[in-house]
Amino acid sequence: MSSPVTADLLSILAETNGYGTDGKLDTDSVLESVALPIAAMKVLLNVIKRSPSTTMMGLQAELTQASAEMLDFSANTEVCGFKSQIPLSSGCQLFLRYVTRSQLEFPDFERCKQQILLRGEAFAGLSMAARNKIAMHGSPFVRDGQTVLVHGYSRVVSSLLIKASRVHKKNFEIVVLEGRPDGGGAKAAKLYRQAGIPVTVVLDLAMGYVMEKADLVVVGAEGVVENGGIVNKIGTFPLAICAHALSVPFYVAAESYKFARLFPLNQADLPKIAIQEELKMFDTTTPTPLEITMEPGMVRNTPVDYTPAKYITLLWTDLGVLTPSAVSDELIRLYQ
């Protein structure tokens, strides 16, 4: 049985998953959907509303416990879709830092609590506002006649490219890597098709083949780390290496609330991640697609990888267009 904290998290994620009322993936719903860090902040706001604490120390203890509970829950379930915990952790850390700053500004507990709730409600619009700013900063890099190569499904990348087409009237085509094992690229391709953008889906392993015709690569990020590198869907790292080898610009679109106080040096330094141990495969070259099942213990599917800063051209963020080396300075500002 789930606790109020985990029940809140599941409810918010279900309400903002990008699907319309008919249960189908919908372009407008995706553009308005809420990112995981914002969902975490909404859960913590509900914790404050339910809190019986009469002191800031007690309230902070409740918030810290709720944050730990969400992280533990996501590490041991599929709640994050076998993704990294980094965005969830970043949302919790930013909110706790915000609470600490509010305490210094409003020493009186009741007044401080009310201010946290009032200001915290503004976080609901933060996700959408961040994506609008990223679209504004990133759209000038997408030009008429270009081919954009993207990997998997990212709300912020989808928002940027759809707005570049709809609002800025750019004419370009998109090539999407299929995004195994969850088919994220195929999911994104349906959105682009709905938006009227020419799109082609290719195998993940075809990245080197299609890179020759790509003018730029655009990916999202589950986390942007202190050294300017990113943690994102598995396959991002080899995609960045391939782009670097062929001198194709590699851009990252990410909200500033995904900036994480982490400094990985290699893949082994990534935080604990739920590993997918099931994998359905189909031989689609036969007249009737043939399902191939793997024996238990044969599959170990890591959902994310780490891409070093040296392979990233620029980051498009709500704070502006940043070089990877500028990320550490922005992190200091966010948490000071």
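Where is the place of Asn232 in this protein? Hold that thought for a moment, everyone, and let me say one thing before we look: what you see above is a predicted model. Now, Asn232 sits in strand β6, which covers residues 230-233.

Let's stay with that residue. Is Asn232 buried or exposed? Its relative accessibility is 8%, and buried means under 20%, so Asn232 counts as buried. Its side chain makes a polar contact of 3.0 Å with the side chain of Thr236. If we set aside neighbours within four places in sequence, Asn232 is in contact with Val219, Gly220, Ala221, Glu222, Pro303, Val304 and Asp305.

Now zoom out to the sheet around it. Strand β6 belongs to an open sheet of three strands, in the order β5-β6-β10, with antiparallel pairing. The edges are β5 (223-224) and β10 (304-307), each of which pairs on one side only. Between β5 and β6 there are two bridges, again in the antiparallel sense. If you want to find the pairing on screen, look for Val224, which stands opposite Ile230 in β6.

Let me give you the whole protein for context. It has 336 residues, and 52% of them are buried. There are twelve helices and twelve strands. Take the contacts with a separation of 6 or more: 77% of them join residues 24 or more positions apart. As for the outside, the protein exposes about 15800 Å², and carbon and sulfur atoms supply 55% of that.

On to the helices, starting with α5. With 20 residues at 1.5 Å a residue, α5 should span 28 Å, and its end C-alpha atoms are 29 Å apart, which agrees. The buried residues of α5 include Leu88, Cys92, Phe95 and Val99. What do the buried residues of α5 pack against? The answer is α3, α4, α6, β5, β6 and α12 (327-335). Notice that β5 and β6 are on that list, and both are strands of the sheet we just visited.

The next helix is α6, residues 109-120. Its twelve residues reach 16 Å from first C-alpha to last, close to the 16 Å expected. Its buried residues are Phe109, Cys112, Lys113, Ile116, Leu117 and Gly120. Seen down the helix axis, these buried residues fall within an arc of 135°, so they line one face of α6. Here is the general idea to keep: an α-helix has 3.6 residues a turn, so residues three or four places apart point the same way. The face turned away from the buried side of α6 carries the exposed residues Arg111 and Leu118. Covering the buried residues of α6 are, among others, α3 (36-50), α4 (56-75) and α5 (86-105).

Next, a parallel pair of strands. Strands β1 (residues 147-151) and β2 run parallel and are joined by five bridges. One partnership to look for is Thr147 with Glu173 in β2. Strand β2, residues 173-177, is mostly covered, with four of its five residues buried.

Now for some backbone details. In general, most residues other than glycine have a negative phi, and most peptide bonds are trans. What kind of peptide bond joins Arg180 and Pro181? That one is cis, with omega about 10°. Pro181 lies in the loop between β2 and α9 (184-194).

Then there are two residues to check for phi. Lys169 is not a glycine, yet its phi is positive, about 55°. Lys169 is found in the loop between α8 (155-166) and β2, and with a relative accessible area of 60% it is exposed. Ser247 is not a glycine either, and its phi is positive at about 60°. You'll find Ser247 in the loop between α11 (236-245) and β7 (250-253). At 66% relative accessibility, Ser247 counts as exposed.

Last stop: Ile292, in strand β9, residues 290-292. How does Ile292 count, at 37% relative accessibility? Exposed means over 50% and buried under 20%, so Ile292 is partly exposed. Ile292 and Phe282 are ten residues apart in sequence and 5.7 Å apart in space, C-alpha to C-alpha. Not counting residues up to four places away, Ile292 touches Leu279, Met281 and Asp283.

Thanks for listening, and do turn the model around yourselves!

Technical notes:
Residues are numbered from 1 along each chain as its sequence is written. This is a predicted model: local features need pLDDT of at least 70, side-chain atom pairs count only at pLDDT 80 or more; totals for chains, interfaces and linings use all residues. Side-chain values use heavy atoms; hydrogens and water are left out. Buried means under 20% relative accessible area, exposed over 50%, partly exposed in between (1.4 Å probe, protein chains only). Contact means heavy atoms within 4.5 Å. Accessible areas come from the Shrake-Rupley method with a 1.4 Å probe; for residues, only the protein chains shown count as cover. The expected span of a helix is 1.5 Å times one less than its number of residues. The arc is that of the directions from the helix axis to the C-beta atoms. A polar contact is a pair of N or O atoms within 3.5 Å; within protein, one must be able to donate a hydrogen and the other to accept it, and residues adjacent in sequence count only if both atoms are side-chain atoms. Two strands pair if DSSP finds at least two bridges between them.
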